[in-house]
Structure formats: structure tokens, C-alpha cells
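This report describes the architecture of one protein, from its overall make-up to selected local details. The reader is invited to follow each section with the structure in view.

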Amino acid sequence: MKSNFTELSAEKMTLPICTRNQLHNFPARLLLTMLLLLIQVRWGGCHPQCLDYKPPFEPRQPLLFCKNYSKFGCCDEERDYQLSVRFYTIMENFDHSGYVTCGNYIRNILCQECSPYAAHLYDAEDANTPMRVLPGLCGDYCHGYWHQCRYTLSLLLEDLGNPGQFTNLTATIEEDQRRFCEFLELKDVQYCYPNVLTNTELNANLGLVQEDSEGCLELCLQEVANGLRNPVAMIHADDGTHRFFVAEQLGYVWVYLANGSRIDRPFLNLTRAVLTSPWAGDERGFLCMALHPRFTTVRKAYVYYSVSVKKEERIRISEFTLSTYDDNQLDHSSERTILEVVQPASNHNGGQLLFGHDGYLYIFIGDGGRAGDPFGKFGNSQNKSTLLGKVLRVDVNNNDDGAPYSIPSDNPFLGEKESLPEIYAYGVRNMWRCSIDRGDPETGFGRGRMFCGDVGQNKFEEVDLIFKGGNYGWRAKEGFNCYDRKLCRNSSLDDILPIFAYPHKLGKSVTGGYIYRGCQMPNLNGLYIFGDFMSGRLMSLKEDVATGEWQYNEICMGRDKTCRFPKLINSYYKYIISFAEDEAGYRSAVHTAAFSGIQTPTTTSTRKHVRLHPTTISRPLPFPQPPPPLSTKKTYTSLTTAHFPEHQRRFTTPRPPYWPTTFKPQRPPINATQTKTQQEKLIFGDKTRNTEEGDGNQVNKRPTVGGRGYGFKRVRTGGRRLRVGSVRLVSTDGLSDRGRVEIFIRGEWGTVCDDLFTTKAGTVVCRQLGFRTALAVMKRAGLGQADRSVRIFLDDVECEGGERSLLECKRSRVGKHNCSHSEDVGVICG
């Protein structure tokens, strides 16, 4: 990651690139998470690419302008629209002939921001080179651009700052073909544009699972759970019940029994406390849970999640106690904060908790976010006075009457000056999914070893064995290679190398796995099975005990005939979020059908857990005998089979008399699947009376209607008073804090539809609904559009933020607009 300044090589000029215009055009989903950070930290983050913040993704809606990247890339529909606006603004300078000649050049250069290889095109991921202000072009393409349209360079640079900054530069190099292409050409012929589009190796099955039957270990799968939303972790109770627990990023944890049925009430519900968003690529949320190793007697669980405290993002590690009345539910009022760590950015949140065989709790925390660990002189990971970029070890045993944790007496940096005593290992970037080796069932070899996948920066992903006091090299090294050359040459680094690292042609985001130690599949014994979130590859490592080296082997799906046994399948959803094991030692993989945030998720698509089976067995695999039914002692929850849709389940367990103090009561969600009439009857009663807003509500004028409260007419509907100007959020997911903005005028609900709507206007809406502020405003129906039967009431709304209703803001006359429902405004409140 570079600073906020980049060197324009043609003139050796240093120009600011993180301009106000760029922030305005920056993708909304990234701007929301980075805005406060950009105010506080001077290191850059304005280059147009997504690999530093999340992997490339499939847009929710097809791109209309940059169509080449509709299926997979770095732009959503909003950014695509912004690029199109910039394009047509530039093209206003052309007559018809110039439009025909130069239009494609301008469009192609702008759209490289959406390329899945944007980081390479802008040379943004190499810490040793200056970042480019325009994407790198191939030599031939650059020469053609110079011959046809060289004088358009100044137009492309105008939006990057004060046009006067570029006057001397463009005047000098537009007339010199050599200097022109020195400025624009990318020497890497594989990644320069347009070669990056035609390179077969780079684009073969981009974003899809790639399988190679030659030399692969073939496996079949068995589905064990489905219908989940953003599942990020799966653990077992290890108490003889063969239950397993599945955590969703939104903040739910569900209990599944050995027969596949799911308890219909969540084991834990932290959805009102967890900090997350609906955007693909958001790494925040509920990330992990670990049960105490003596769970049957200690009855405690530990959770790792993102939280906002006074507008400050933090990682929170909390302790919960099992309910006295229900063995399948935690006591929500028992939450006790064990540890909180301030998170300076919204990515690299880490997210692993586990108990070692020593009985201590291990916590794996990311480096604090952004790219290249730019914090301080050497980064957070190499700084032992911060907990970021570390593996922590604490003792949470016997903590009921004292501090939430104590420091194990053999922690490696206990007593070391300016080092925090919780640190067990350091120099890690963003470890995602770690596991403890059970050890060989006969010899015990390997027992207690700790394996982790550490997500890489721009070239390599790695798998590490964690040792006490170890330095794992980041940011000096990435995999086996140097990342920061100065740090890498430091003789005092003394870092531990990974047991395996792979380049980004195999995958871009490692998901750590497990060593197989089950008895059902002896041919897999000792095999470390892991995967890659982005490429969907299942991979394995096998240790050569004599040499200590680990041999790589890819895992492929078995052929149709091999996997034709009952319950076995040979395909899976491509995004591998996590791995798990059950009490019998089976390996499970957690998959999602749509790109999701951990390294991260949306909230609607079907997700699955699948169990791995080797195809070397030519008969249906024997399954462990089901355990005795779960004891009904102190258990009052009803059961429902896993395949029932959630809206069909009936919750029979009485609600607990308390909820966590962090929960904020919210207005009941509106079911967006209901008709407008049904919604009005549900919320406001059966009758509505038409009312007309007073005249004079023109643009730049305040409403003149008198009355109390908001100063607007009231109507009485179904025995309840509803003011003109009342608002609601309609969410397709039934969420109360986000959705399409609808306003009540003239006795009916209508939408707000424009592109002047800002977070100030969103705050007016949110405050009416009892929230403090608007976290995000989504235009172009980003949170859903109304059907044709719903009228569009407001357009061109501009608020100062203090108004009590949108009708007090500057706006067009009610019902007057020049837009459609495809531009309906949505708001996320907080």
C-alpha cells in the first residue's frame, strides 16, 4: 500500500491522488468503511481496486457500462453508474467523429477500475513501486491510443485533482509518443490492458471452481446442513451428544442434532450487537465461537465479534454461560467482556478462537486492516506493544470471582519491556481458521500442533504451524518472499517460515483446515485438508516425517458413478468459508453459493455445510451409530428438521425474561413480501383517509401547513394517528434498520427517488424511526425497488440533517419527479 502521493514518472512530479473528487466517486460500500480511517491515517487507500479490502466479486446486478466485468470484478452497479457518468461528462467535449474515434479508448481505460486484476493494472499492491494514476496499458495499445486520441489524456486526468496540476505534464508528453507511453505502459505483458482480458491462463474459469482430475485426491461430499445465511464457523460440543453448532456472520448460532434436525431457537442471538453490513466483502460480524474444553461442567462459551462503541470499531471477545433452563441455549444476560481491541480499519479482523490442549484460550487477531500493515514504523504485526497482528494466549479458567482472564506463567513475552503479556506469537497478517491436531490415534504423533491459514497480501497465501514466541514475518515477508525489503533484510527478524505457501494463480484467500484423524477413512490419516475462499479449491498437505517437508496435492470431486451412492454428491458451492470437524472426526467444509464477506457475505443466498468422503471406497460409507437422544432435562425447545424454511417454523420455547444490555429495542420489521394494502392494515389499521398536502411545497421552500408536532396534517387510521411525512423502511430481508425509504403522503405510502439524496437526508429518516444516524444511503434501488402500484412522491431531496421530516427539506413538489423505481433510495440506520 502506498502513501497518499504518487510519482508521475514522466515528469518526476509528486501529485496528490486522494482527492475530494476521488472520495466522492469511491464505491459507497468501501467509502463507508474507510471514511473515518482516511481522516485519521495518512496512508493511502484511494486506488481503485478491491483486492486490499476484499477479493473480486460477482455484482448483484449486471453492470450496464463496464459490461466486460459483469460476472466477476471489483465494481458494483453503483460504481458502474458513476464511471458511466464520468465517461459521458468527458465525451461532452467531442463531436460525433471524435466520439466514434476515442469513445472506446476512454471507456476501456475507465473500466479497468472494475477489472478483477485492477490492483495489478494500477500497480497498487507492490509496496516497492509508486502507484499509477491510470491503469497500465500494453505497448501496442498505448501506441494506438497516442496516434488516435492522445489529446484526451488531460480529460482523463482532470477528475484526479486540480486540472492545473496536469497542464505541464500533458502538454509535454502528449506530443512525445515515447514519453506518453512511458507514462501509461505497464511492462508486465500478462497483466497490462488489453492482454489481461485475452490471457487464457488468467481468465480460464475466473471466479469458478477449477478442477484437475490428474493427480487429485478424489472425494465425495454429503450435505449435512443448508439454508444458512453467511455461515462462518462450525464446532462440536464434545459431550457425547454429537451436536454441532453453526455460527452465522449476522450473529446467530444454531444447534444441529445428530439426526440432522435443527433446534428452532438460536443457541445465541447477537444480531443487534454485532457490527456488520449487507455488502459483499465486509469482513466484520460474528466470526467465531469456542466452547470451554470442560463444557459439560464449566458450561461456558466464548465468542469473537465486531462491535461499534461510541463510533469506534472494536473486536470483542465475550464469555457466555449456558442457560440454567435449556442446554441448547446460552443465557443472553450472562455476557461478560473478556477483551476488546480497537480495530483501526474495517478489514483484517482475524476471527479465530480455540482452546489448546493446555486448556488455555488462543485468540487470533488481524493486523488492523488496510494493505501492507501501514501502521507505525514497522507495522502492527511486528510491534509487540499492540495486540493487532498477534496470536494471544490467556487463561479463562477459575475467573468467576476475579479478572476475566489471567496470563499463563509461561507466556513468552511475560515481563519483556514494552511487550504485552498476552502475546503468544506475532508477525501474522490475518489468520483465518486455525485448528489443533488431535494426534495419530495409535501413536499420538502430532498431538497438540496448531495449524493456521494466513491470508496473504498480493502474491502468496500461506499455512503456518504456530510455535510459542514465534515471529511469522509479516510485513517483512509474505509467504517465503520478501514484501518489505528493508524489514526483510533485518538480521534480527528471525522469522518462522510457513510449511506451505501458494501463489495467487491457485487462489487468493486461504481458508485454514484440519489434520484428519478419524477412524472411518484411514487413507486420509495425517492429511491436512484446507481450501481457498476465492478459487474454491480444496487442497491437502501430507507431511514427510523423515524430512519434515509437506507435499501438496489438490483435491478433486469424484466422478458421477463414484458418488452415486445415497446422500453423496460431487459438487459444492465455490466459496469455502471454513472447515470443521465433528466428534467422530469427520471433516466438514462450510460453503456459500454467493460471494460472501469472510474475505465476506451477503444475507440471502443458500449456504451449506458438506461432509467430505474419499472416493477410494467403492461402497456406501458406514456412518457412526447415532448417539442416544439428547437428554430432555432442563430443555424446553422444540425441534424442526433442517430443510424447513425458517418462516414455517414455530417457536414454542418461552422467551427469556431478559436480553443483553447491548441490545437496542427496534421497531418491528415490515415484511416486504406483503402487498402495500396488507402492510397498511398491519401497521396502521384497516382504514385510511385521503389527505392533501398544502400548496407551496416547491423546491427551496419550506412547507407552510400548520399544526403541532412536525407541522404537517395528521390522519387517523384504524384508531392510530399517522402524520403526513411519516416514514418507514421496507426490507426484503425483514430487517428494521435498513430498507427502501417510503413516506406517507395523501393517505398512501410512496417512495423517494433521486440522486441528490445524501446521508444528511438519510439521517432525517433514521431519526424519525428512533435511530441516531444513517450509516449508508443506497441509490438506484440498492435496497430494493417498489412495484408499479407504488407512487413516487419525492425527488431532488436536499437536507441539512436537522429537519424533522423530509417534507421540511428542499425538494421538488410532491409527485413531481424525473426518475423511476429503479432509482428508489434506500437507507441503513444505526
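## Overall make-up

The model discussed here is predicted. The protein has 830 residues, of which 60% are buried. Its secondary structure comprises 15 helices and 39 strands. The protein exposes about 35,300 Å², and carbon and sulfur atoms supply 48% of this area.

## A helix with a buried face

Helix α6 spans residues 139-149, and its buried residues are G139, Y141, C142, Y145, W146 and C149. How are these buried residues arranged when α6 is seen down its axis? They fall within an arc of 160°, so they line one face of the helix. On the other side of α6, D140 and H147 are exposed. A general property of helices helps in reading such a pattern: an α-helix has 3.6 residues a turn, so residues three or four places apart point the same way.

## A nonpolar patch on the surface

Attention now turns to the surface. Y88, Y99 and V100 together make a nonpolar patch of about 290 Å². One of these residues, Y99, belongs to helix α4, which covers residues 96-111. The relative accessible area of Y99 is 34%, and Y99 is therefore classed as partly exposed, since that class lies between the limits of 20% and 50%.

## An open sheet of four strands

Four strands, in the order β9-β10-β11-β12, form an open sheet with antiparallel pairing. Its edge strands are β9 (286-291) and β12 (330-342), each of which pairs on one side only. Direction ignored, neighbouring strands of this sheet are turned by 30° against each other on average.

The contact between β9 and β10 may be examined in greater detail. Strand β10 consists of residues 300-309 and is joined to β9 by five bridges, the two strands running antiparallel. Within this pairing, A290 stands opposite Y302 in β10.

## Two hairpins that share a strand

Strand β25 takes part in two pairings, which are set out below with their bridges.

| Strand pair | Residues | Bridges | Direction |
|---|---|---|---|
| β24 and β25 | 527-532 and 538-544 | five | antiparallel |
| β25 and β26 | 538-544 and 549-557 | seven | antiparallel |

β24 and β25 form a hairpin with five residues between them. In the turn of this hairpin, G536 has a positive phi of about 75°. The bridge partner of L527 in β25 is K542.

β25 and β26 also form a hairpin, here with four residues between the strands. G548 lies in the turn and has a positive phi of about 80°. In β26, Y552 is the bridge partner of L541.

## Unusual backbone geometry

Most residues other than glycine have a negative phi, and most peptide bonds are trans. Against this background, several places in the model deserve attention.

Which residues are joined by a cis peptide bond in the loop regions? One such bond joins Y193 and P194, with omega about 10°. P194 lies in the loop between α9 (177-184) and α10 (195-198). Another cis peptide bond joins W474 and R475, and its omega is about 10°. R475 is placed in the loop between β19 (460-465) and β20 (477-478).

Positive phi values also occur in residues that are not glycine. R299 has a positive phi of about 60°. This residue is found in the loop between α12 (295-298) and β10. With 23% relative accessibility, R299 counts as partly exposed. D796 likewise has a positive phi, near 55°. The loop that contains D796 runs between β38 (791-794) and β39 (826-829). D796 counts as partly exposed because its relative accessibility is 27%.

## A buried strand residue

The last residue considered is I576, which lies in strand β28 (residues 575-581). Is I576 buried or exposed? Its relative accessibility is 0%, so I576 counts as buried. Along the chain, I576 and G512 are 64 residues apart, and their C-alpha atoms are separated by 9.9 Å.

Conventions. Residues numbered from 1 in each chain as written. Predicted model: local features only at pLDDT ≥ 70, side-chain atom pairs only at ≥ 80, totals over all residues. Heavy atoms only, no water. Patch = residues over 30% accessible without salt bridge, like charges linked within 9 Å, V, L, I, M, F, W, Y side chains within 5 Å. Areas by Shrake-Rupley, 256 points an atom, 1.4 Å probe, with all protein chains shown as cover. Salt bridge = Lys/Arg side-chain N within 4 Å of Asp/Glu carboxyl O. Buried < 20%, exposed > 50% of the residue type's maximum accessible area, 1.4 Å probe, protein only. Pairing = 2+ DSSP bridges. Axes fitted to C-alpha atoms, helices over the stretch in contact; angles between N-to-C directions. Arc of directions from axis to C-beta.
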